[in-house]
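Work through the exercises below with the sequence and the coordinates at hand. Each task is followed by a stepwise solution.

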Amino acid sequence: VMFYRLLSIFRRQRTSPGWQNWSSARNSVSVAAAHSIALPTQTQVVVCGGGIMGTSVAYHLSKMGWKDIVLLEQGRLAAGSTRFCAGILTTARHLTIEQKMADYSNKLYHQLEQETGIQTGYIRTGSICLAQNQDRLISLKRINSKLNVIGIPSEIISPKKVAELHPFLNVHDLVGAMHVPEDAVVSSADVALALASAASQNGVQIYDRTAVLHVMVKKGQVTGVETDKGQIECQYFVNCAGQWAYELGLSNEEPVNIPLHACEHFYLLTRPLETPLQSNTPTIVDADGRIYIRNWQGGILSGGFEKNPKPIFTEGKNQLEIQNLQEDWDHFEPLLSSLLRRMPELETLEILKLVNCPETFTPDMRCIMGESPTVQGYFILAGMNSAGLSFGGGAGKYLAEWMVHGYPSENVWELDLKRFGALQSSRTFLRHRVMEVMPLMYDLKVPRWDFQTGRQLRTSPLYDRLDAQGARWMEKHGFERPKYFVPPDKDLLALEQSKTFYKPDWFDIVESEVKCCKEAVCVIDMSSFTKFEITSTGDQALDIMQYLFSNDLDVPVGHIVHTGMLNDGGGYENDCSIARLSKRSFFMISPTDQQVHCWAWLKKHMPKDSNMFLEDVTWKYTALNLIGPRAVDVLSELSYAPMTPDHFPSLFCKEMSVGYANGIRVMSMTHTGEPGFMLYIPIEYALHVYNEVMSVGQKYGIRNAGYYALRSLRIEKFFAFWGQDLNTLTTPLECGRESRVKLDKGMDFIGRDALLHQRQNGVYKRFTLFILDDHDTDLDLWPWWGEPIYRNGQYVGNTTSSAYSYTLERHICLGFVHNFSEDTGEEQVVTADFINRGEYEIDIGGHRFQAKAKLYPVTSLYTHKHRKGEVELSDLHGK
Amino acid sequence: MCVCPGPRRIGIPVRSSSLPLFSDAMPAPTQLFFPLIRNCELSRIYGTACYCHHKHLCCSSSYFPQSRLRYTPHPAYATFCRPKENWWQYTQGRRYASTPQKFYLTPPQVNSILKANEYSFKVPEFDGKNVSSVLGFDSNQLPANAPIEDRRSAATCLQTRGMLLGVFDGHAGCACSQAVSERLFYYIAVSLLPHETLLEIENAVESGRALLPILQWHKHPNDYFSKEASKLYFNSLRTYWQELIDLNTGESADVDVKEALINAFKRLDNDISLEAQVGDPNSFLNYLVLRVAFSGATACVAHVDGVDLHVANTGDSRAMLGVQEEDGSWSAVTLSNDHNAQNESELERLKLEHPKNEAKSVVKQDRLLGLLMPFRAFGDVKFKWSIDLQKRVIESGPDQLNDNEYTKFIPPNYYTPPYLTAEPEVTYHRLRPQDKFLILATDGLWETMHRQDVVRIVGEYLTGMHHQQPIAVGGYKVTLGQMHGLLTERRTKMSSVFEDQNAATHLIRHAVGNNEFGTVDHERLSKMLSLPEELARMYRDDITIIVVQFNSHVVGAYQNQE
């Protein structure tokens, strides 16, 4: 039947003639017209969406051997955003995972015509990203370094070279550019049709004009879909509905939150030039001018990302295909000006059309893939931030791997749906945030950038107090966290001016906060951390936790254990601290953005046992971190209890009174390696405890501090953070945490076999600390993360985080070192010896800095600067 | 509105003549006339001279505002209606100071002048929802007189629902408009109060307990209240509510807003009149109540409660509703009638109220008794009291009053007073979702701009969009360069919208700066605002504007409920 369907070529009626006739492959794909052939009643997988995402997922699933797949499209195949896509495929992306996806897509589309016989219009034109200023050039150099190490050719070129590569580009205002010669243009609609055709050959059944109404769910598991043509039972559902993915997610009885929102997007098509433009003319991305320009049928296609985007469909208005939305020339005016500035000769070129095609954006500019945290078997691939064509192949592959193998072959946490929660799904939030995100597509991306919209959603009860004291805020998972505190007498640069790749303006402020942590005591509001409580009537909680966590949790009551929550491969699903509150209850502290992921993981693996309770208590506690040598004094004065290590050893947890407030959970750890305490305070006491701490602390020199100080402290102490340094593909053994794994704790735990294997055979990468040697903090580019690491001139990995260590007065980078075979490129075992024997360099924006590699934290070189006779009166001032 | 410069309209066709504002330097003859303008003895000559003068100047878009109250005053009048001593000398002294303005204001300076009096109020939201049918309002005023004679008020009724907004245009000084602006809303609020609330308030006063607040004012810092008269005003107001309490028949019928508005207007005017007749032992207050009574003010007041909008108008300020049609365009719906000579029914009313033999004299040259432009107003006892009463009050009044030519002057053909009333005409309108905003403005705005333009400008401002026909390429041959030129031009037109954060400011910018194409011309704006104080009144009147924005969602919800 499949084969018959492939042969029965479905002649589609072209209802919208005009410029789309550049897609040539219209007629060669078989589509089962739903009105003539009844839907199957049962299948393994239903893919919803016949755009490039849906067809790519179906294609890759069928390639991996899954055959029982139904693809449903509410309109016609490749008729949504895919049809209107500008057709530019570029690997010049900021994230390595995005570069890899685009690279894979490029290779896939390149051979697609050969594989399917369908013309895709693939032309390898190359692309040129222009830099109008030095900051942009730095940004391009950083991308360039990353592209090169994963084998994508690219180079930084001079304006003169740019002029040689493109016939009529005005280059006088350029400072440089990046050329990526293997980038391409392709007709995305035809790619989607080709993928659909190949999938169809592999057995995928495709039905157009069939709309999914909602997904049927039983006991948190997908059981089927309800369509306008009947029901289909299935185990897996893939939501590739593009800009309708949000609505579709909400249509379930148990809603799946997929935070994305559409904005109108405009590009211009012209008639051919008098001497038609060569079809291999490179694509131009002029981010400072907010535009892209590609050749199109002898003329040009040019669009961009304007500063004042127009969000659309906030109310969730659905329509089968994106009908011709209004052309808005006035809105396009700045981009047109920019285009004519870049290519003045185009003045006389005749306009063909201004196309308005909505594009979908996500709250953090990264696409959304993965499995729903609430509904098993419900997968999502959507929210492409107008890079659907570039990511389509790679993203489809990763999602297919995820479904078939349980996890993708790369770490995709940055793209995982579970990085979001229900809190990012408010329509108002999305509408406001995408208005910020869309211009950001072409804004300069500098380190430590915070979104400005959709803020102050989750706040600690101390927010106003801290804000009044000069706190500057960053947001994680909707939670406001202080970055640092601006002293009353100090002014920082305006937001826009403070964007820099170099030394930031808060350097001195954070220095004084760090110093205070080292010498006296600081208080940091860390309420955003995810906090769970697990209790049971008997030993059930202990038993399941021993199985879920790699460390031994059968410790005396009151002890705190640092442990990983590992997957079968031994990789970190979560890295947390667990306090045993009583024989039968545990308090679990995880990173802020683990709220959804960790919950889903626990729910998935915990038996349905009515005698065991899992509760998210994040909102119940305000967490204050008292860091510094005098924290002991502050707490003992507030509690009338001795807090010295004899009475309160490290990694210990006790409920005690602080000030008038009773029942404060005090834990002797600080997440930084510095001495001090975490206080977990029931929120109604938060203000009281904070006020008491601050007033008693005054004589010990207490002051507020923020996350930047915390980060500097933890990185110089070689503390890895999940989500930044650690991910699902890194194991405890790879980051020197053997001590946190109890392979012999007497019972099995998830990931144990993999770790045993690793212990036997060695690790293939190793978490390493680098101290930059010849780096001038004031003058050189600062490291961020993702910088390539070179060992003896060979690329061995990328950094994962970095910070300036005020103690060492050096920059510290953390990252994984691999050992790629020089001959085959295969990964080999990394030994301590291998690490220690190398000469290392870190590539920051094209400049390599020498670095010392360490496998263990540097013992504090910090000495008290105050010597006798040097004490000043100002030291007596409160901080 | 200023009284002094006299019969400006004589010999000068209004709006068709112009002063040489837009020539780079003012020609000598005009300079010489500045002091003459003040010397009203010579005003007739001026008028003629001015006319001749303009013949050879061909500017087209300037105009003369009309003085509302025409009278040939004695210089001494100045001490009555303006605080400056010896303005005669003052203007003489300014003879050389007011030489041509060679410098023009920069855009920031222009903005600081335009924004000096701007005020915005946003109705607070509860739980993210504003349940009031009013989103908020923007207001602003631009003086031409020194000091400005316009006033504005805005307040929320605390014991009843609804919001009050009003503009007041004073003449013969600002005393009356000031008094009305601080007192009228209290009279209205009291008129709207149910019997029990009145009793409660009266009992509180009686027993010295804290009073229920009645009004929440929304004031610009420049909007002041008179401290000295506060007690006096309160006593009059209390007498009013005591009478309301006594009059109450016991049936607690729903208070009729229209009736309440009319009663409040009439009562306040009556109190103003009484206070002047009775006088006050305190000489300052005594003088104040007389100044209030002898000067005048028009009032245009809106009361918004849910979808019920009442406009009470006395005089020639105007209330205009901005309605957005389905195609997005704007249309203006007038919610008040001007009480002046252009209004047929007003002419009719005046004629009916007086004997037939006065038919010719009651309105002359489009003015009441040949003097006053608005046909209804607060104060202005010269048009209300009998000649006897006027003489008696003036004689027993303070010397300043006695020496004043204007107060002593009795209007000609003054046979059957009163000729003037403060009774408002009340219009009711039930708000619909397409009613987006209401503009209350004094005639200073309406005489410079057509109502349709006013509504369009505010509408486009509030929706942030210029209603320009969208461009479509269609089948035409258009090059990128041509399109770019067209778009740049359209953008320049729009850019003026974004300069202002206040709809009223934006409107004033247009009213003062519009060129013949209907777009703001900065040079023109700058010149207009650079005019010296004593000249400004020649080119424009005080302008006061309140723009009330309605909440279409709430209004729509009201509609759906029924």
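**Exercise 1. Describe the interface of chain B and chain A: how much area is buried, and which residues of chain B supply the most?**

Step 1. Chain B and chain A bury about 1,500 Å² between them, and carbon and sulfur atoms account for 62% of that. Buried area is the accessible area (1.4 Å probe) that two parts lose on being put together, summed over both.

Step 2. On the side of chain B, L480(B), H484(B) and L487(B) supply 42% of the area buried against chain A, more than any other three residues.

Step 3. By contact (heavy atoms within 4.5 Å), 16 residues of chain B meet 16 residues of chain A.

Before going on, note that this is a predicted model: local features need pLDDT of at least 70, side-chain atom pairs count only at pLDDT 80 or more, and totals for chains, interfaces and linings use all residues. Residues are numbered from 1 along each chain as its sequence is written, chains are lettered from A and ligands numbered from 1 in the order in which they are written, and side-chain values use heavy atoms, with hydrogens and water left out.

**Exercise 2. Which residues form the salt bridge between chain B and chain A?**

Step 1. Apply the rule: a side-chain nitrogen of Lys or Arg within 4 Å of a carboxyl oxygen of Asp or Glu. The count between the two chains is one.

Step 2. The pair is K477(B) and E350(A), with the closest N and O atoms 3.9 Å apart.

Step 3. The side of chain B that touches chain A divides into eight nonpolar, five polar and three charged residues. Here Ala, Val, Leu, Ile, Met, Phe, Trp, Tyr, Cys and Pro count as nonpolar, Asp, Glu, Lys and Arg as charged, and the others, Gly among them, as polar.

**Exercise 3. Why does the salt bridge of D593(A) and K476(A) tie together parts that are apart in sequence?**

Step 1. Over all chains the structure holds 53 salt bridges. In one of them, D593(A) meets K476(A) at 3.7 Å, N to O.

Step 2. D593(A) lies in the loop between β30 (585–590) and α15 (595–605) of chain A, and K476(A) in strand β24 (residues 471–476) of chain A, so the pair links parts 117 residues apart in sequence. Helices (H or I, at least four residues) and strands (E, at least two) are DSSP runs, numbered from the N terminus.

**Exercise 4. In what order do the strands of the closed barrel in chain A run?**

Step 1. The six strands run β37-β40-β39-β38-β41-β42 (chain A), with antiparallel pairing; two strands pair if DSSP finds at least two bridges between them.

Step 2. From one strand to the next the twist averages 40°.

Step 3. Strands β38 (residues 788–791) and β41 (residues 840–844) of chain A are antiparallel and joined by three bridges. Y790(A) has E841(A) as its bridge partner in β41(A).

Step 4. Helix α5 (residues 134–149) of chain A packs on the sheet and touches β38, β39 (794–805) and β41 of chain A; its direction makes about 55° with that of β38(A). Axes are lines fitted to C-alpha atoms, for helices over the stretch in contact, and angles run from 0 to 180 degrees between N-to-C directions.

**Exercise 5. Which are the edge strands of the open sheet in chain A?**

Step 1. This sheet has six strands in the order β33-β34-β35-β32-β26-β36 (chain A), and the pairing is mixed.

Step 2. The edge strands, each pairing on one side only, are β33 (653–658) and β36 (703–704) of chain A.
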